[in-house]
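Colleague: I am new to this structure and would like a close look at a single part of it. Please begin with the terms I need, and add what is needed to place that part in the rest of the chain.

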Amino acid sequence: MILEFGAGDGTPIINSLMRTHFDGKIHGFELNPLAYKTAKSNIEEYELSDKYIIHNTSFFDALRPKAEYLISNPPYLPAIDDNIYQPLLHGGTDGSKITRRLLTLGYENVLVMLSSYSNPQGLIEFANSQGYRTADFTVTPLPFGYYSSESKVKNTIAELREKGMAFYSKNIYLLAGVLFTKGYKSTPDLSSEFSQLMTSL
């Protein structure tokens, strides 16, 4: 069983299911009603309703089924408040608030997206404090987009950089997909290597 925080329009999971022979179930939670309707329509179009169940409710407030994995591309835009172009993308004052909350829920495996301008080192250390190790990760350079270039967000990112909590160059930041796990004790903990890469800019 897999749980998904923030399903959006469902495209990433749908694409994955179309390329694999996954036999389990994925429960996706999406708070935005328009995104939920789009996701539900897409799931039905590709005849995946038996594998991918979408819920239009708050993940944190819902009665969630037991699962081995939690996956998410959580909100990570840092700003002093959520009065920004896209409030649902607000990740707290340092961008890591929602991800930290997800890591307190105790799931054995948590696969999340993590930005280099959203206090990556602090988040990795928080994951370690919750009993997680970095089992695997992939890192991709990205240009700043429309939402991350908004003045309030951009100014917050600059302030975080002065505090050693944001890492980026003039042209790019780093976005990582990282698997935090409490299982697989035989695999090495890559937290140190991951932290070095995410703070390299």
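Modeller: A strand here is a DSSP run of E with at least two residues, a helix is a run of H or I with at least four, and both kinds are numbered from the N terminus. The model is predicted. A short example shows how the names work. Ser72 belongs to strand E4, which covers residues 69-72. Ser72 has a relative accessibility of 8% and is therefore counted as buried, the cut-off being under 20%. Beyond four places in sequence, Ser72 touches Phe5, Leu102, Leu111, Val112 and Met113.

The part I have chosen is a group of aromatic rings, with Phe144 as the residue to follow. Across the whole structure, a search finds 12 aromatic pairs. One of them joins Tyr117 and Phe144: the ring centres are 5.8 Å apart and the planes meet at 15°, so this pair counts as stacked. Tyr117 sits in the loop between E5 and H4, while Phe144 sits in the loop between strand E6 (133-143) and helix H5 (151-162), so the pair ties together parts 27 residues apart in sequence. The two partners are not covered alike. Tyr117 is buried, at 1% relative accessible area, whereas Phe144 is partly exposed, at 26%.

Phe144 has a further ring partner in Tyr173. That pair is tilted, with 5.2 Å from centre to centre and 45° between the planes. Tyr173 lies in strand E7 and Phe144 in the loop between E6 and H5, so here the parts tied together are 29 residues apart in sequence. Tyr173 is buried, with a relative accessible area of 6%. Ring pairs also draw in other residues: Tyr76, Tyr117, Phe144, Tyr168 and Tyr173 are linked into a cluster.

The contacts of Phe144 include residues other than its ring partners. With neighbours up to four places away left aside, Phe144 is in contact with Tyr117, Ser149, Ile157, Tyr168, Ser169, Asn171, Ile172 and Tyr173. To place Phe144 against a distant stretch of the chain, take Thr11: the two are 133 residues apart in sequence, and their C-alpha atoms are 22 Å apart in space.

Helix H5, which comes after the loop of Phe144, also holds Thr156. Thr156 is buried, at 6% relative accessible area. Outside its own four-place neighbourhood, Thr156 is in contact with Pro78, Ala79, Ile80 and Thr93.

The wider setting is the nonpolar interior. In soluble globular proteins, nonpolar side chains tend to be buried together. The largest nonpolar core in this model has 26 residues, and those touching the most other members are Phe59, Leu70, Leu103, Tyr107 and Phe180. Elements that give two or more residues to this core are strand E1 (2-5), helix H3 (97-103), strand E5 (109-115), helix H4 (120-129), strand E7 (172-181) and helix H6 (191-198). Another core lies apart from it, with 13 residues, including Ile2, Ile13, Ile43 and Leu48. To return to the larger group, Leu103 is in contact with Val110, Leu123, Phe126, Ala127, Gln130, Tyr132 and Phe180, again leaving out neighbours within four places.

One more helix is worth setting beside this, as an example of a helix with a covered side and an open side. Helix H2 (residues 33-45) has 13 residues and spans 18 Å from its first C-alpha to its last, close to the 18 Å expected. Its buried residues are Ala35, Tyr36, Ala39, Asn42 and Ile43. These cover an arc of only 130° around the axis, which puts them on the same side of H2. Their cover includes helix H1 (11-19) and strand E3 (52-55). The face turned away from the buried side carries the exposed residues Leu34, Lys37 and Glu45. Leu34 has a relative accessibility of 62%. Its C-alpha is separated by 9.6 Å from that of Asn56, 22 residues away along the chain.

The ends of H2 can be described as well. At the N-terminal end Asn32 acts as a cap, with a side-chain oxygen 2.9 Å from the backbone nitrogen of Leu34. After H2 comes Glu47, whose phi is positive, near 55°.

How values were computed: Residues are numbered from 1 along each chain as its sequence is written. This is a predicted model: local features need pLDDT of at least 70, side-chain atom pairs count only at pLDDT 80 or more; totals for chains, interfaces and linings use all residues. Side-chain values use heavy atoms; hydrogens and water are left out. A nonpolar core is a set of buried Ala, Val, Leu, Ile, Met, Phe, Trp, Tyr and Cys residues joined through side-chain atoms within 4.5 Å. Buried means under 20% relative accessible area, exposed over 50%, partly exposed in between (1.4 Å probe, protein chains only). Contact means heavy atoms within 4.5 Å. The expected span of a helix is 1.5 Å times one less than its number of residues. The arc is that of the directions from the helix axis to the C-beta atoms. A polar contact is a pair of N or O atoms within 3.5 Å; within protein, one must be able to donate a hydrogen and the other to accept it, and residues adjacent in sequence count only if both atoms are side-chain atoms. Rings of Phe, Tyr and Trp (its six-membered ring) pair if their centres lie within 6.5 Å; planes under 30 degrees apart count as stacked, over 60 as edge-to-face and the rest as tilted.
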